[in-house]
Amino acid sequence: MLVTGGAGFIGSALVRALVAAGASRVINVDKLTYAGNPDAVASVAGDPRYQFERADVCDGPALRQILARHRPATIFHLAAESHVDRSIDAPADFVMTNVVGTFRLLEESQIYWTALASAEREAFRLVHASTDEVFGSLDTGGRFIEHSPYAPNSPYAASKAGSDHLVRAWHRTYGLPVIVTHSTNNYGPWQLPEKLIPLMIHHAAAGRPLPVYGDGRHVRDWIHVDDHVAALRCIADRGVPGGRYLIGAGEERTNLDVVHMICDLLDELRPDPSLGLRRELVRFVADRPGHDRRYALDAASTRALGWAPQRRFDEGLRETVRWYLAHRLNRQIPSLGPTMM
């Protein structure tokens with residue numbers, strides 16, 4: 001199995017899970033940008049079934065050599081620029097990695113797949129991981145479904161929508177056996193502290209102000225990264241080529257509620273009388289452009305394959321806060337303005 005972006009947050013969780021599940025080979029293809037962290041796969045780096053290939057998904061010849069060398073039966077495509085704020089400040093990187101990179105991977109995968117023997121061609125799958133943000137913003141009721149229209153509102157969402165359309169076209173035009181997945185917001189260990197949950201844990205633990213966009217009432221459906229990874233593996237095994245599967249845990253919370261939960265957990269797990277209640281550190285800041293009000297997915301299609309999330313948000317968040325308190329990720333994150341999800 002081959003994972004693009006396997007040193008990133010979700011990709012590294014998938015790599016670790018595949019190795020733990022006994023996969024015969026796991027190939028991690030990652031460019032190692034600021035978001036790639038070799039420490040996140042250090043626990044499997046010495047396993048003979050694991051191999052790392054440093055390569056850019058935009059580099060077609062490099063992908064061609066990697067596919068020929070390792071001959072994967074399954075490709076999980078997770079390599080992407082994913083931070084909305086960064087896409088607003090520097091959209092070119094998102095177009096290059098998410099759109100051009102996906103095109104290069106599809107191009108090389110189609111050539112590789114076409115040359116396989118018939119049984120190998122039948123078994124081959126390419127799972128393309130996308131996001132709920134391609135569907136735009138929801139009102140207070142309902143959830144997105146597989147056939148919801150695309151309405152991306154940020155450069156990040158637009159770049160992922162573009163990559164989704166390319167994946168669909170390669171299936172319809174060339175027959176490439178691809179599957180598209182859409183996930184809600186992920187959380188858990190090894191996420192960079194530019195995203196909401198790890199950022200707030202770091203700031204609140206240190207007694208720094210907690211910047212919350214707008215009125216804090218934007219709603220997200222949260223899923224633990226390990227539950228997302230389990231869904232990806234299930235979809236790769238049981239999903240139908242050309243299909244689209246939604247991955248969500250039904251754990252909707254406002255951003256402000258999440259920040260308050262983190263504050264309360266830190267007050268319990270690492271009390272600091274000099275700070276008072278950490279909820280008092282919240283500072284409302286100007287909303288970001290095009291900020292979608294609510295995301296939620298109907299995951300019935302994925303549940304029908306036999307998958308279900310295993311972690312409730314309150315339990316998973318407690319585990320996550322404990323992990324960050326034990327593993328302070330003091331990595332330098334390039335700044336492009338406010339750092340929040």
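In which sense do strand β9 and β11 pair, and over how many bridges? In this predicted model, strand β9, which covers residues 219–224, pairs with β11 in the antiparallel sense, and the pairing runs over three bridges. One residue of this pairing can be followed by eye: the bridge partner of Val219 is Thr254, in β11.

The pairing belongs to a wider arrangement. Three strands form an open sheet, ordered β7-β9-β11, and its pairing is mixed. The edges are taken by β7 (185–187) and β11 (252–254), each of which pairs on one side only. On average, and with direction ignored, neighbouring strands of this sheet are turned by 50° against each other. As a general reminder, strands of a sheet pair through backbone hydrogen bonds, in either a parallel or an antiparallel manner.

Helices meet these strands too. Helix α9, made of residues 255–269, lies across β9 and β11, and it runs at about 85° to β11. Another helix to look for is α11 (residues 313–326), with 14 residues. From its first C-alpha to its last, α11 reaches 20 Å, close to the 20 Å expected at 1.5 Å a residue. Its buried residues are Phe313, Gly316, Leu317, Thr320, Val321, Trp323, Tyr324 and Leu325. These buried residues of α11 pack against β7, β9 and β11, and also against the helices α7 (196–206) and α9.

Next comes the nonpolar interior. The largest nonpolar core contains 31 residues, and Leu14 and Phe76 are those with the most contacts inside it. Two or more residues each are given to this core by α1 (9–20), β5 (125–131), α8 (225–238) and β10 (244–247). Of these elements, α8 supplies the largest share, seven residues. Leu14 is a good place to start exploring: leaving aside residues up to four places away in sequence, Leu14 touches Val3, Phe76, Leu78, Val229, Leu232 and Arg233. A second, separate core has 26 residues, including Val212, Leu266, Leu281 and Val282.

Finally, the cysteines deserve a glance. Cys234 has a relative accessible area of 9%, and Cys263 has one of 1%. Buried means under 20% relative accessible area, so Cys234 counts as buried, and so does Cys263. As for bonds between cysteines, a search of the whole structure finds zero disulfides.

Conventions
Residues numbered from 1 in each chain as written. Predicted model: local features only at pLDDT ≥ 70, side-chain atom pairs only at ≥ 80, totals over all residues. Heavy atoms only, no water. Pairing = 2+ DSSP bridges. Helix = DSSP H or I, 4+ residues; strand = E, 2+ residues; numbered from the N terminus. Axes fitted to C-alpha atoms, helices over the stretch in contact; angles between N-to-C directions. Contact = heavy atoms within 4.5 Å. Disulfide = S-S within 2.5 Å. Buried < 20%, exposed > 50% of the residue type's maximum accessible area, 1.4 Å probe, protein only. Expected span 1.5 Å × (residues − 1). Core = buried A, V, L, I, M, F, W, Y, C linked by side-chain atoms within 4.5 Å.
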